[in-house]
Amino acid sequence: EDFLNLIFKAMMKDSLNSSHPVSSAVQSSEQIEEMFDAFSYIKGASLLLMLKHYLTKDVFQAGIEVYLHNHNYGSARSDDLWDSMNEITNGTLDVKKLMKTWILQKGFPLVTVVRKGKIISVQQEKFFYRMEPENWTSDASYLWHIPLTYITSSCNFTLCTNAYLLDQKSGM
């Protein structure tokens with residue numbers, strides 16, 4: 001419950017135009033200090049939980065083990081973690097491509113789901129909490145690879161999980 005409260009606080013900050021990505025190139029020690037704030041850790045943790053849920057616990061755990069084995073007693077970059085996850089998924093999912101959309105962009109998507117009969121359509125756009133017109137910047141270039149999970153009447157959440165990766169502005 002405490003972690004969920006922290007996530008909502010981080011989302012509130014991330015929905016402002018003044019937010020920053022979890023990871024970015026830095027030029028000075030001040031920029032390094034700015035990157036390692038509570039927001040980055042909380043958003044990073046929630047993104048890892050999202051990835052764990054999408055990949056499944058066992059696949060995620062195997063990816064972490066590969067990462068730790070490959071980089072024990074050494075240094076690593078965030079790409080190294082995603083590369084380790086890619087080793088485990090055997091090319092069935094480009095984890096690096098998926099996660100870069102989350103860590104290199106500020107903000108998060110608003111996903112709109114519309115049902116017309118048996119047809120479900122989904123659309124994503126950047127979410128803004130409070131946007132003053134003088135601070136507005138176009139969000140047309142923002143695109144996330146969003147793992148969506150869902151259940152149907154023939155498949156409830158405890159028996160199986162259906163998954164869909166929304167990697168475009170809209171999909172069906």
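How many residues does helix H1 have, and what distance does this helix reach from its first C-alpha to its last? In this predicted model, helix H1 spans residues 2-14, comprises 13 residues and reaches 18 Å between its terminal C-alpha atoms. This distance is close to the 18 Å expected at 1.5 Å a residue. Within H1, the residues Ile 7, Ala 10 and Asp 14 are buried. Viewed down the helix axis, the buried residues of H1 fall within an arc of 65°, and therefore line one face of the helix. The face turned away from this buried side carries Asp 2 and Lys 9, both of which are exposed. Helix H3 (38-55) is included in what covers the buried residues of H1.

The chain as a whole contains six helices and five strands. From the N terminus on, the order of these elements is α-α-α-α-α-α-β-β-β-β-β. Of the 172 residues in the chain, 32% are buried. Among contacts between residues at least 6 apart in sequence, 52% join residues at least 24 apart.

In soluble globular proteins, nonpolar side chains tend to be buried together. The largest nonpolar core of the model has 21 residues. Those with the most contacts inside this core are Leu 51, Leu 55, Trp 82, Met 85, Val 95, Met 99 and Trp 102. Helices H3, H5 and H6 (95-103) each supply at least two residues of the core, and H6 gives the most, with five residues. The core also draws on both domains, with at least three residues from each of domain 1 (3-104) and domain 2 (108-171). Trp 102, one of the core residues with the most contacts inside the core, was examined for its contacts beyond four places in sequence. These contacts are with Lys 43, Leu 47, Met 50, Phe 108, Pro 109, Trp 144, His 145 and Ile 146.

Two further residues of helix H5 were considered individually. Ser 84 is located in H5, which covers residues 78-89. With a relative accessibility of 1%, Ser 84 falls under the 20% cut-off and therefore counts as buried. A polar atom of the Ser 84 side chain lies 3.5 Å from the backbone nitrogen of Tyr 67. Apart from neighbours within four places in sequence, Ser 84 is in contact with Gly 63, Val 66, Tyr 67 and Asn 70; Tyr 67 is thus named both in this set and in the pairing with the Ser 84 side chain.

Thr 89 is likewise found in helix H5. The relative accessible area of Thr 89 is 8%, and this residue is therefore buried. When neighbours within four places in sequence are set aside, Thr 89 is in contact with Leu 55, Val 59 and Val 95. Of these partners, Leu 55 and Val 95 are listed among the residues with the most contacts inside the largest nonpolar core.

In the strand region, Gln 123 was examined. This residue has its place in strand E2 (residues 119-126). Its relative accessibility is 44%, so Gln 123 counts as partly exposed. The C-alpha atoms of Gln 123 and Val 111 are separated by 5.6 Å, although the two residues are 12 residues apart along the chain. Not counting residues up to four places away in sequence, Gln 123 touches Leu 110, Val 111, Thr 112, Lys 169 and Ser 170.

Technical notes:
Residues numbered from 1 in each chain as written. Predicted model: local features only at pLDDT ≥ 70, side-chain atom pairs only at ≥ 80, totals over all residues. Heavy atoms only, no water. Helix = DSSP H or I, 4+ residues; strand = E, 2+ residues; numbered from the N terminus. Buried < 20%, exposed > 50% of the residue type's maximum accessible area, 1.4 Å probe, protein only. Polar contact = N/O pair within 3.5 Å; in protein donor to acceptor, adjacent residues only side chain to side chain. Contact = heavy atoms within 4.5 Å. Expected span 1.5 Å × (residues − 1). Arc of directions from axis to C-beta. Core = buried A, V, L, I, M, F, W, Y, C linked by side-chain atoms within 4.5 Å. Domains from an automatic or database assignment.
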